[in-house]
Amino acid sequence: MTDFLRVDGEEIDLKTALQWRLGVDNDDFIDETVTDAAVFKYCKVKEISVTKEEIQNVFNELRYTKEMESAEETKSWMKESGLSEESMAQVCEIMALRNAMRKSISDDECREVFAMDQASHDVAEIYSITVDDEDLANEIISQV
């Protein structure tokens, strides 16, 4: 397996890095990768596509948020991050597809899904509530 990362000259392959994350129940990387794959699949099925201009706009926005004003700064950041131009284009395409996918869902569709699952939105997990008035605290406790 090829190197995924180098730390102080030590090579770490992707499989090892994933195992380390999974070993501590941190599967964010996998979840995000699955989400990205689902975006591609959904957009393919729904025939949602993006233009090169939309991808470029995402790239420009990314550069703006990272305060990279010059092409040299951007190339340096990509090199430090281990990103090729091709992989950066794919990242921007995924982000552009997510935007297009969101735009493709109508308000009516959102209302319909919300209505079907409204009960799950009526619950909140609260760890503590702080109020200045004891009577108010007692009223909240009785309501809970």
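The points below concern the surface patch, the pockets and the salt bridges of a predicted model.

1. Nonpolar surface patch. Eight side chains, F4, L5, V7, L14, L22, F29, I30 and V34, make a nonpolar patch of about 660 Å² on the surface. At least two residues of this patch come from each of β1 (3-7), α1 (14-23) and α2 (28-45).

2. Residue F4. This phenylalanine belongs to strand β1 and contributes to the nonpolar patch. F4 has a relative accessibility of 43% and therefore counts as partly exposed. F4 also appears among the residues that lie nearest the centre of the largest pocket.

3. Largest pocket. The space in the largest pocket amounts to about 550 Å³. Its lining comprises 16 residues, and those nearest the centre are F4, F29, T33, D36 and V91. Two or more lining residues come from each of β1, α2 and α5 (85-104). Helix α5 gives the most, with six residues. By character, the lining of the largest pocket divides into eight nonpolar, five polar and three charged residues.

4. Second largest pocket. This pocket holds about 200 Å³ of space. It is lined by I55, Q56, F59, K75, M78, K79, L83, E85, M88, A89 and C92. The elements giving two or more residues to this lining are α3 (52-65), α4 (71-81) and α5. The largest share, four residues, is supplied by α5. Seven residues of the lining are nonpolar, one is polar and three are charged.

5. Salt bridges between α2 and α5. The structure holds three salt bridges. In one of them, E32 pairs with R98, with 3.9 Å between the closest N and O atoms. E32 lies in helix α2 and R98 in helix α5, so this pair links distant parts of the chain, 66 residues apart. R98 also forms a salt bridge with D36, where the closest N and O atoms are 2.6 Å apart. Because R98 lies in helix α5 and D36 in helix α2, this pair ties together parts that are 62 residues apart in sequence.

6. Exposure and network. E32 is partly exposed, with a relative accessible area of 46%, and D36, at 21% relative accessibility, also counts as partly exposed. D36 is one of the residues nearest the centre of the largest pocket.

7. Salt bridge within α6. R111 and D108 form a salt bridge whose closest N and O atoms are 2.9 Å apart. The two residues are three apart in helix α6 (residues 107-116), and therefore separated by about one helical turn. D108 counts as exposed, at 58% relative accessibility. Elsewhere, shared partners join the salt bridges of E32, D36 and R98 into one network.

How values were computed. Residues are numbered from 1 along each chain as its sequence is written. This is a predicted model: local features need pLDDT of at least 70, side-chain atom pairs count only at pLDDT 80 or more; totals for chains, interfaces and linings use all residues. Side-chain values use heavy atoms; hydrogens and water are left out. Patches are made of residues with over 30% relative accessible area and no salt bridge: like charges are joined within 9 Å, nonpolar side chains (Val, Leu, Ile, Met, Phe, Trp, Tyr) within 5 Å. Accessible areas come from the Shrake-Rupley method with a 1.4 Å probe; for residues, only the protein chains shown count as cover. A salt bridge is a side-chain nitrogen of Lys or Arg within 4 Å of a carboxyl oxygen of Asp or Glu. Buried means under 20% relative accessible area, exposed over 50%, partly exposed in between (1.4 Å probe, protein chains only). On a 1 Å grid over the protein atoms alone, a cavity is a set of points where a 1.4 Å probe fits but cannot get out, and a pocket is an open set with protein on both sides within 12 Å along at least five of seven lines; lining residues have an atom within 4 Å of a point. Grid points are joined across faces, edges and corners, and a volume is the space filled by probe spheres set on the points. Ala, Val, Leu, Ile, Met, Phe, Trp, Tyr, Cys and Pro count as nonpolar, Asp, Glu, Lys and Arg as charged, and the others, Gly among them, as polar.
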